[in-house]
Amino acid sequence: MTELLTLHTTSALEKIFPNTENIPEFSSFSVLKGEKFSFQIVLKYTGEMFTELKINTETDLPYNLYVVRDVPVELAAHLNRSDDRYISKNPGLYPDLLEPVTDKTKLRLLPNQNRVLWVEFDIPENANKGSHTINITAETADAKAETVFMLDVINAKLPEQKLLYTQWFHCDCLSSYYHVEPMSEAHWSLIENYMENYAAYGGNMILTPIFTPALDTEIGAERPTFQLIDIHREETGYSFKFDKLERFMALAESKGITHFELAHLFTQWGAECTPKIIDDEGNKLAGWFLKADSEEYKALIIPLVAELKKYLKNTGRFDNCFFHISDEPCDDNIESYRKAAAVVKDVLADCKVMDALSETKFWEEGLVKIPVAANNAVDNFIEKGTDPLWTYYCCAQGRDGVSNRFIAMPSVRNRLIGLQLYKYALQGFLHWGYNFYYSEHSVRMINPFLTTDTDSSFPAGDPFSVYPGADGRPMPSIRQLVFFDGLQDLRALELLETISGKSHEELVCELENRIGESISFKNFPQEKDNVFSSEWMLNIRKTINEMIAEYR
C-alpha cells in the first residue's frame, strides 16, 4: 500500500526534479566546527489534490531552511563547447533557486511530485563535539511522516580561508534591477546586503569600480555609470577625491572582505580602447572613442593610478589590492595588449597585476604578473612552473571534464574545484558572474527568474549565483552553496596538512592513495550506467574528516 506522505533525506549534491525517482538516501555525516553543512529533505504526497504542509526540524544547531525552486533553462550548454557530463542538455525547468522559508506552517505539496527543502546548518565554533540528532517531522491534514538525520561534530575548527576568491560584483545591476538611483542611500543599502551574502560564501576579494568596469559591454555602448573616484579637470591636469571609494572599501571590510580587485584599466578582449571615465560634471574623459595608447589617456590614467596608489598606501590597503589591464586577451590581440600594458608599466611597477587568460605567452613575456588561467588551460601554466597562479572558468569551460557551475551540470562537478585548488596550491579563483542581471554585452535588463542564460547567450547559471530578493537581499542558489562546500573541502585539507605535520606533497599522495584516484583539473567523478553519483565526492570528504579525527 502506497503511503500518502513520504519523507527522506538526501545529500546537497543531488539535483532533485519533480519526477526524480530512486533518490539516494543520505542520513548521516560528519562536520567540523565553524563549517556550513547542507542536506535536502524530499517530500512526496500521493493525495488527489494539493495540500498544505507543516514542517518541523528539531535540533540544537542553528540552521536555515529553504524551498528548492525550479528555474527555466533555455540554453543548457553550448553544443560545441560541452562534453557528456551534464544532467541534460535539453531545455526545461531545473532546480536551482533557494527561497527562504518564512513560515514553516504554510508550505504546499502538489500531488505525485517531489517537493524539496534545503537545510543549511551553520555549525558554531563552540558546538558540542559528538553526535547531534536532527528530528524532522512533516504533517498534512491527513498524513504524517518522520525521519532522523545524524550529524557528528568533529572536535576541530575549520580554519580561515586562505584562497583569494572573487566573483564579479556588479553594482550597476543592483541599481538597474531595483530601480534606484546609482549611489543613492537605497543603492548603498542594497550593496551592503549583497556584500553580506557575498562574504558569507567565501568572497574575500571584490571587484571595485574605481570607474565603470569595461566588462561585457557592446562596442560603442556603455553600462550605467558607477564610478568611485571623483575626478576634477583643472587647467594643469586633474585632481582626485576618494571619498566614495573609502565608503565602498570600508563597507566591504566591515563584512569581512579583505582584498580589492580594481576595475580594468582598458577595454575587454584586446585592450584597444579605454573604459568609460567621467569627471565630476559628468563629462566623458575616456571611453570607446579614445585609444588605449593615446596621449590623452596617458595624461589621465597615469596620474589617476599614481594618486590612487598613494591613497591605498596611506590607508594600509595597497598590499591587498590587485590591478587589471584587460580581461581575457588572446593570442590574436597580444600586440594591442602589449601597447596598453606599456602605457601603465612604470606606474604599476610595484603593484600586483592580474588578468584572466588562456595563453602562457602573456606570462612568459612578463605582461601579466599574476595569470588567472582558464581551468581548461591551467595545466599549461602548471607545467611551466607559473607562480603565483590563479584559475577561473566561465561560459567556455564546459567540456573536457573541467569543473564548472552551469545549472544543467551535476553539483559534484561544481564542488570538486576545491580538491583541484588544493592539489596544485593555487592562490586564487575568479568567476565573472555573482549578480550579472543584464543580457549579453549589457544591452538590456533581464528578469533573472525567467532568463538564466543572459538572453540565450551563456549557459544557464553562468551569469549569476544569487537571485534578487524582493526585500533587497539576495537569495542563494544551489550552485553558490555547493561551490562554497568545495572551498570548505579546501580548508579542511589545509587543516589536515597542519595537524598531521605532513608536507603538502605527502598529504596529496596519501589522499589520492586512499581514494584510489589521481586528482587533476580534468578529473571527473566516475560515472556508472550514465548516472552521476555524488558518492565519489562524499566519500572523499568523509575520508578527509576521518583523517582529521585520527590526528586530533
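This is a selection-by-selection tour of the structure. The model is predicted.

**Stop 1: the nonpolar core**

Start inside. Select Phe39, Phe169, Ile191, Phe266, Leu308 and Leu348. These residues have the most contacts inside the largest nonpolar core, which counts 188 residues. Now add helix H10, residues 478–500. Helix H10 gives the most to this core, with 11 residues. Nonpolar side chains tend to be buried together in soluble globular proteins.

Zoom in on Ile191. Which residues does Ile191 touch, leaving out those up to four places away in sequence? Show Phe169, Cys171, Leu174, Phe226, Phe248 and Leu251; these are its contacts. Phe169 appears here as a partner of Ile191, and it is also among the residues with the most contacts inside the core.

**Stop 2: helix H12**

Select residues 535–551. This is helix H12, with 17 residues. Put a distance between the end C-alpha atoms. They are 24 Å apart, which agrees with the 24 Å expected at 1.5 Å a residue.

Next, colour the buried positions of H12. They are Trp536, Met537, Leu538, Ile540, Arg541, Thr543, Ile544, Asn545, Met547 and Ile548. Keep Arg541 on screen. Although Arg541 is buried, it belongs to a salt-bridge network at the end of the next stop.

**Stop 3: salt bridges**

The structure holds 30 salt bridges. Side chains of opposite charge can pair when their charged atoms come close. Visit three of the pairs, then the network.

Select Glu99 and Arg69. They form a salt bridge, with the closest N and O atoms 2.7 Å apart. Glu99 sits in strand E6 (residues 92–100) and Arg69 in strand E5 (residues 63–73), so the bridge ties together distant parts of the chain, 30 residues apart. Are these two buried or exposed? Glu99 is partly exposed, at 29% relative accessible area. Arg69 is partly exposed as well, at 28%.

Move to Lys309 and Asp350. Their side chains meet in a salt bridge of 2.7 Å, N to O. Lys309 is in helix H4 (residues 295–314), while Asp350 lies in the loop between helix H5 (334–343) and strand E19 (352–357); the two are 41 residues apart. Check the surface around each. Lys309 is buried, with a relative accessible area of 11%. That figure is under the 20% cut-off for buried. Asp350 is partly exposed, at 38%.

Now pick Lys384 and Glu364. The closest N and O atoms of this salt bridge are 3.1 Å apart. Lys384 is in the loop between helix H7 (378–383) and strand E21 (390–392), and Glu364 is in helix H6 (residues 361–364), 20 residues away. Lys384 counts as partly exposed at 44% relative accessibility. Glu364 has 44% too and is also partly exposed.

Finish with Glu35, Arg415, Asp489 and Arg541. Salt bridges with shared partners join these four into one network.

**Stop 4: Asp70 in strand E5**

Go back to strand E5 and select Asp70, which lies there. Asp70 is partly exposed, with a relative accessible area of 30%. Which residues does Asp70 contact beyond its neighbours within four places in sequence? They are Pro18, Leu93, Tyr94 and Pro95. For scale, draw a line from Asp70 to Tyr45. Their C-alpha atoms are separated by 18 Å, and the residues are 25 apart along the chain.

**Stop 5: a nonpolar surface patch**

Turn to the surface. Select Met49, Phe50 and Leu110. Together they form a nonpolar patch with about 300 Å² of accessible area. Leu110 is in the loop between strand E7 (107–109) and strand E8 (114–122). At 35% relative accessibility, Leu110 is partly exposed.

**Stop 6: backbone details**

Stay in the loop between E7 and E8 and select Asn112. Asn112 has a positive phi of about 60°, yet it is not a glycine. It is partly exposed, at 45% relative accessibility.

Then jump to Glu328, in the loop between strand E18 (321–323) and H5. Glu328 is not a glycine either, and its phi is positive, about 50°. Its relative accessibility of 21% makes it partly exposed.

Last, find Pro388 in the loop between H7 and E21. Which peptide bond is cis here? The one from Asp387 to Pro388, with omega near 0°.

Key. Residues numbered from 1 in each chain as written. Predicted model: local features only at pLDDT ≥ 70, side-chain atom pairs only at ≥ 80, totals over all residues. Heavy atoms only, no water. Helix = DSSP H or I, 4+ residues; strand = E, 2+ residues; numbered from the N terminus. Buried < 20%, exposed > 50% of the residue type's maximum accessible area, 1.4 Å probe, protein only. Patch = residues over 30% accessible without salt bridge, like charges linked within 9 Å, V, L, I, M, F, W, Y side chains within 5 Å. Areas by Shrake-Rupley, 256 points an atom, 1.4 Å probe, with all protein chains shown as cover. Core = buried A, V, L, I, M, F, W, Y, C linked by side-chain atoms within 4.5 Å. Contact = heavy atoms within 4.5 Å. Expected span 1.5 Å × (residues − 1).
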